[in-house]
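Colleague: I am new to this structure and would be grateful for a close look at a single part of it. Please set that part within the whole chain as you go.

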Amino acid sequence: MAALDIETTGLDPARDEIVSIGVVPMTVAYIRASASRYWVVSPNGELKPESVTIHTITHAQVDEAPDLDAVLGELLEALAGRIVVVHCRGIERGFLDAALRARIGEGIEFPVIDTMELEARLYRSPPGFFGWLLGRRRRTESIRLADSRSRYRLPRYRAHHALTDALATAELLQAQVAHRFSPESLLSELWL
């Protein structure tokens with residue numbers, strides 16, 4: 001597997017662009033931190049002040065960074081043959097697809113294990129028929145990365161750094177498997 005995180009200029013893959021990417025190779029038993037990859041890339045458009053506030057990647061950093069084209073081969077090689085693990089598939093999958101369509105005229109779709117979706121299954125599920133009859137509401141626990149990690153007593157990391165968030169996602173999946181599944185769980189229980 002490979003945990004992936006992407007930081008962007010905004011949340012809309014049709015308008016916004018990638019500014020950094022982190023990839024951490026992993027299994028359910030170990031994380032290969034020494035084989036991790038991190039890239040800052042230069043978007044075609046301007047950085048928005050609100051995105052700089054979130055991911056702290058500055059204009060000076062992206063001015064010196066290569067275009068995504070320059071690292072795309074390395075990125076795809078790091079993901080090739082691996083199951084991709086993310087926390088919010090719409091961001092990572094959507095932005096990679098849009099970036100490839102803009103650059104090579106062809107998109108990419110790939111199945112992922114989404115740690116956010118695994119948390120949502122537990123903490124955002126409807127109350128069921130009897131719960132509905134009794135007037136119970138849908139659970140509203142936060143399924144954000146930091147909040148999900150805290151439920152498993154994982155350490156707090158600085159948020160919105162692509163490499164750190166990829167590592168945090170890898171650790172979260174390992175915790176989810178250890179607490180709610182098992183290393184022998186069928187991939188179909190995790191795969192989206």
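Modeller: What follows is an account of one strand, β1, set within the whole chain and followed by a brief look at one loop residue. The model is a predicted one.

The overall setting comes first. The protein chain holds 8 helices and 5 strands, and along the sequence these elements run in the order β-β-β-α-α-α-β-α-β-α-α-α-α. The C-alpha atoms occupy a box of roughly 55 × 35 × 35 Å along the principal axes. The radius of gyration is 18 Å, which agrees with the value near 16 Å that a compact globule of 192 residues would have. Of these 192 residues, 44% are buried. Among contacts between residues at least 6 apart in sequence, 61% link residues at least 24 apart.

Strand β1 spans residues 2-8, and it is mostly covered, since 7 of its 7 residues are buried. Buried here denotes a relative accessible area under 20%. The side chains of the strand fall into two sets: A2, L4, I6 and T8 point one way, while A3, D5 and E7 point the other way. Both sets are buried.

The strand also has partners. With strand β2, residues 18-25, β1 pairs in the antiparallel sense over 7 bridges. Within that pairing, I6 has I21 of β2 as its bridge partner. With strand β4, residues 84-86, β1 pairs in the parallel sense over 2 bridges. There, the bridge partner of A3 is V85 of β4. Thus β1 takes part in an antiparallel pairing with β2 and in a parallel pairing with β4.

A residue elsewhere in the chain may be set beside this strand. R158 lies in the loop between α7 (145-151) and α8 (162-180). Its relative accessible area is 46%, so R158 counts as partly exposed, whereas the residues of β1 are buried. Apart from neighbours within four places in sequence, R158 is in contact with H55, T56, T164 and D165. R158 and E184 are 26 residues apart along the chain, and their C-alpha atoms are separated by 32 Å.

Finally, the surface and the charges of the whole chain may be added. The accessible surface of the protein chain comes to about 10300 Å², and 54% of it belongs to carbon and sulfur atoms. The chain carries 22 positive and 26 negative charges, whose mean positions lie 10 Å apart.

How values were computed: Residues numbered from 1 in each chain as written. Predicted model: local features only at pLDDT ≥ 70, side-chain atom pairs only at ≥ 80, totals over all residues. Heavy atoms only, no water. Helix = DSSP H or I, 4+ residues; strand = E, 2+ residues; numbered from the N terminus. Rg over C-alpha atoms; globule rule 2.2 N^0.38 Å. Buried < 20%, exposed > 50% of the residue type's maximum accessible area, 1.4 Å probe, protein only. Contact = heavy atoms within 4.5 Å. Areas by Shrake-Rupley, 256 points an atom, 1.4 Å probe, with all protein chains shown as cover. Lys, Arg positive; Asp, Glu negative; His and termini not counted. Charge placed at Lys NZ, Arg CZ, Asp CG, Glu CD. Pairing = 2+ DSSP bridges.
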